[in-house]
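User: Could you take a close look at one part of this model for me, the sheet and whatever packs around it? I'd like one connected walk-through rather than a list.

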Amino acid sequence: MTVQQELINLLKEDPRIIITELMNEDMKKQVLQHEMARLNEIVPFVNEGMNDAFEEENALVLVMDNEVEITRTTEPSEDDGSFTLRTESGKIIGETITDEEELEELREDPNVYFLSENFVTYKNLALPGEKQFFVMTGTHSDFFTDSDLESLVSSLIVAIPSTNTDHYIKDCFDLPHDTKLGTLIIGYTE
């Protein structure tokens with residue numbers, strides 16, 4: 001059995017996984033075009049995780065049902081990817097916060113502005129006129145599964161598609177643009 005087939009079989013054991021497929025070159029190209037289009041937004045969106053995934057030898061596309069409940073036996077690693085707002089010099093001036101206690105403290109801080117329930121920006125860190133970018137990094141397989149996918153390959157990165165890319169992937173499989181369905185790209189090198 002090939003490494004690719006072992007990965008696909010392991011992923012298909014997860015009851016949430018609806019689709020696991022090797023990406024062809026055309027699909028990769030379309031995904032990159034959707035991600036590159038985000039660079040032209042007022043605050044550009046850079047999906048570093050997607051770039052890293054496509055630097056690997058192969059890429060799998062996954063569609064999963066986020067409403068199917070499973071019991072996790074492991075906790076995701078500390079390095080579970082990140083979504084940040086950065087300046088052109090690399091300083092983080094906004095980030096996703098998931099700790100409820102930290103969120104409560106930040107709600108009291110006059111230098112913190114909430115863009116959503118758990119995405120904060122730090123007003124005192126931004127310099128006037130400095131360019132800003134949203135940056136999404138890649139993560140490890142334990143972000144979404146207990147299966148140790150990394151043990152099957154020499155390297156692996158999980159990328160989280162932006163909204164437009166997510167819609168493109170769902171269109172490829174004639175699926176609704178439903179938020180209960182999530183998409184991921186897994187880049188790996190045997």
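**Strand E10 and its sheet**

Analyst: Let's start with E10, which is covered on both faces: Leu181, Thr183, Ile185, Gly187 and Thr189 are buried on one side, and Gly182, Leu184, Ile186 and Tyr188 are buried on the other. That two-sided split fits a simple pattern. In a regular strand, side chains alternate between the two faces of the sheet. Taken as a whole, nine of the nine residues of E10 are buried, so the strand is largely enclosed by the rest of the structure. Keep in mind that this is a predicted model.

Now for the sheet around that strand. It is an open sheet of four strands, ordered E1-E3-E10-E9, and the pairing is antiparallel. The edges are E1 (17-22) and E9 (155-159), each of which pairs on one side only. On average, neighbouring strands here are turned by 20 degrees against each other, direction ignored.

Going along the sheet pair by pair, E1 and E3 (residues 58-65) are joined in the antiparallel sense over five bridges. One bridge to look up in the viewer is isoleucine 19, whose partner in E3 is valine 63. Next over, E3 and E10 run antiparallel with eight bridges between them, and asparagine 58 sits opposite tyrosine 188 of E10. On to the E9 side: E9 and E10 are again an antiparallel pair, over five bridges. There, valine 158 stands opposite isoleucine 186 in E10. Both of those E10 partners, Ile186 and Tyr188, belong to the buried set on one side of the strand, together with Gly182 and Leu184.

So what packs on the sheet? Helix H3 (residues 48-55) does, touching E3, E9 and E10 (181-189), and its direction makes about 145 degrees with that of E9. Helix H5 (residues 163-172) lies across E3 and E10, running at about 95 degrees to E10.

One more spot, since you have the model open: threonine 87, in strand E4 (residues 83-87). Its relative accessible area is 3%, so threonine 87 counts as buried, the cut-off being under 20%. The side chain of threonine 87 makes a polar contact with the side chain of serine 89, at 2.9 Å. Setting aside neighbours within four places in sequence, threonine 87 is in contact with Ile93, Glu130, Lys131, Gln132 and Phe133.

Definitions and conventions: Residues numbered from 1 in each chain as written. Predicted model: local features only at pLDDT ≥ 70, side-chain atom pairs only at ≥ 80, totals over all residues. Heavy atoms only, no water. Helix = DSSP H or I, 4+ residues; strand = E, 2+ residues; numbered from the N terminus. Buried < 20%, exposed > 50% of the residue type's maximum accessible area, 1.4 Å probe, protein only. Polar contact = N/O pair within 3.5 Å; in protein donor to acceptor, adjacent residues only side chain to side chain. Contact = heavy atoms within 4.5 Å. Pairing = 2+ DSSP bridges. Axes fitted to C-alpha atoms, helices over the stretch in contact; angles between N-to-C directions.
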